[in-house]
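Okay, thanks for squeezing me in today. I've got one structure to walk you through, so have a look at it first and then I'll talk.

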Amino acid sequence: MTDKINELLRRVEEFRPNAAAEIEEFRIRILGKKGELNALLEEFRTVAPELKRELGQRLNLLKTRAAERIAALREELQEAAEEHAAALGDTTRPGTAERLGSRHPISLVRNRIVEVFSRLGYTVADGPEIEDDWHVFSALNFPPEHPARDMQDTFFIEKDPDILLRTHTSSIQVRTMERQKPPIRVICPGRVFRNEAISYRAHCIFHQIEGLYIDEGVSFADMKQSLLYFAKEIFGEQTAIRMRPSYFPFTEPSAEVDVSCNLCGGKGCPVCKGTGWLEIMGCGMVDPNVLQSCGIDPAKYSGFAFGMGIERIAMLKYGVKDLRLYFENDVRFLHQFDEAL
């Protein structure tokens with residue numbers, strides 16, 4: 001009988017429950033009316049008188065220890081449950097909605113521009129940010145002495161004059177013309193890099209979006225009407241555009257495009273410097289030399305190209321006057337565009 005008492009005491013000490021139900025089940029099995037302790041008490045009646053004192057003491061010790069152990073285990077489980085509940089907080093309280101993030105204003109404007117031109121049949125084209133001289137300059141009719149090739153404007157890779165960070169997304173247009181036969185109608189958004197000092201109106205990293213349309217019989221009038229449609233969709237139906245003669249190596253004739261100031265309605269204000277107009281992009285008819293460089297017959301096909309800074313459009317659309325705000329990712333600034341979604 002001594003061995004039975006010792007074995008039961010060992011099981012009491014080693015019991016490790018995971019839930020309150022296990023403790024209650026163990027209590028009934030050990031201390032219940034039909035439990036193992038009562039079975040030992042029944043057996044105790046039959047032992048020799050000279051052994052009753054010692055065995056009785058051990059049985060009392062077993063009963064006491066079992067009750068203490070069960071109480072202690074219940075307390076431990078209760079404390080663990082309370083700690084877990086405290087870590088979770090009051091789970092009965094109503095939940096609070098987490099504030100969702102918002103798209104960056106550059107992404108909003110980019111997506112809007114792509115969406116507008118997609119209605120005109122343009123598809124999105126992409127290309128690498130690390131480019132070679134051919135796709136960034138030579139194929140676009142930049143002469144070797146052109147100032148845009150100078151180190152002051154361009155980031156070259158490991159002092160290799162042939163490898164550089166693209167300075168405009170026109171390189172995507174070149175790659176598109178090389179691999180695709182006309183008709184071509186693409187929009188090319190992307191990040192570009194220029195070696196410029198960072199200020200409220202300039203940055204060494206910015207975003208461009210350029211368009212290209214090549215087919216038979218494409219005219220300057222087609223380009224003007226497309227850009228007028230774009231301006232009205234972005235800045236409002238009342239918007240007017242004007243084109244001023246300009247120069248770009250890869251287009252001829254070339255023009256700068258202005259839109260009527262949407263802040264003053266063309267009357268003149270500090271933003272438009274009293275002129276009533278705001279410059280938004282450059283454009284022009286694709287130079288025949290560029291078409292020929294890319295394997296397209298300039299005698300058969302013509303086309304136009306245009307390009308704009310996404311930051312510039314975002315500044316005009318949202319009234320942001322400091323380019324640096326676009327790169328700081330201050331959540332106070334970004335949350336202003338929640339409703340723009």
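I'll go through the sheets, then the aromatic rings, then the cavity.

Before anything else, keep in mind that this is a predicted model.

So, sheets. Let's take the seven-stranded one, which is open, has mixed pairing and runs in the order S1-S5-S6-S10-S9-S8-S7. Its edge strands are S1, residues 123–124, and S7, residues 241–248, and each of those pairs on one side only. Further in, S6, residues 205–215, and S10, residues 302–309, are antiparallel to each other and share eight bridges. If you want one contact to find on screen, go to Asp215, whose bridge partner in S10 is Ser302.

Then there's a sheet of three strands, also open, with antiparallel pairing and the order S2-S4-S3. Here S2 (130–132) and S3 (156–157) have just a single partner strand each, so they sit at the edges with one side lacking a neighbour in the sheet. S3 pairs with S4, residues 160–165, through two bridges in the antiparallel sense. Around there you'll see Ile157 opposite Asp160 of S4.

Okay, on to the rings. The count of aromatic pairs is 12. One of them is Phe248 with Phe250, a stacked pair with 6.0 Å between centres and 20° between the planes. Are those two buried or exposed? The cut-off for buried is under 20% relative accessible area. Phe248 comes out at 19%, so it counts as buried, and Phe250 is at 17%, so that one is buried as well.

There's also an aromatic cluster, made up of Phe117, Tyr122, Tyr213, Phe230, Phe304 and Phe306. And which rings of that group does Arg185 sit over? One is Tyr122, where Arg185 lies over the face at 5.8 Å from the ring centre. The other is Tyr213, with the charged end of Arg185 over the ring and 4.1 Å from its centre.

Last stop, the cavity. There is one cavity of 30 Å³ or more in the structure, and the space in the largest cavity is about 40 Å³. What lines it? You've got Leu140, Gln173, Met177, Leu212, Phe250, Val286, Val290 and Ala305. By class, that lining is seven nonpolar residues and one polar, with no charged ones. And yes, that's Phe250 again: it lines the cavity and it stacks with Phe248.

That's me done, so shout if you'd like to see any of those spots again.

Notes:
Residues numbered from 1 in each chain as written. Predicted model: local features only at pLDDT ≥ 70, side-chain atom pairs only at ≥ 80, totals over all residues. Heavy atoms only, no water. 1 Å grid on protein atoms, 1.4 Å probe; cavity = no way out; pocket = protein on both sides within 12 Å on 5 of 7 lines; lining within 4 Å. Points joined across faces, edges and corners; volume = space filled by probe spheres on them. Nonpolar A, V, L, I, M, F, W, Y, C, P; charged D, E, K, R; others polar. Phe/Tyr/Trp six-rings, centres within 6.5 Å; stacked < 30°, edge-to-face > 60°. Buried < 20%, exposed > 50% of the residue type's maximum accessible area, 1.4 Å probe, protein only. Lys NZ or Arg CZ within 6 Å of the ring centre and 35° of its normal. Pairing = 2+ DSSP bridges. Helix = DSSP H or I, 4+ residues; strand = E, 2+ residues; numbered from the N terminus.
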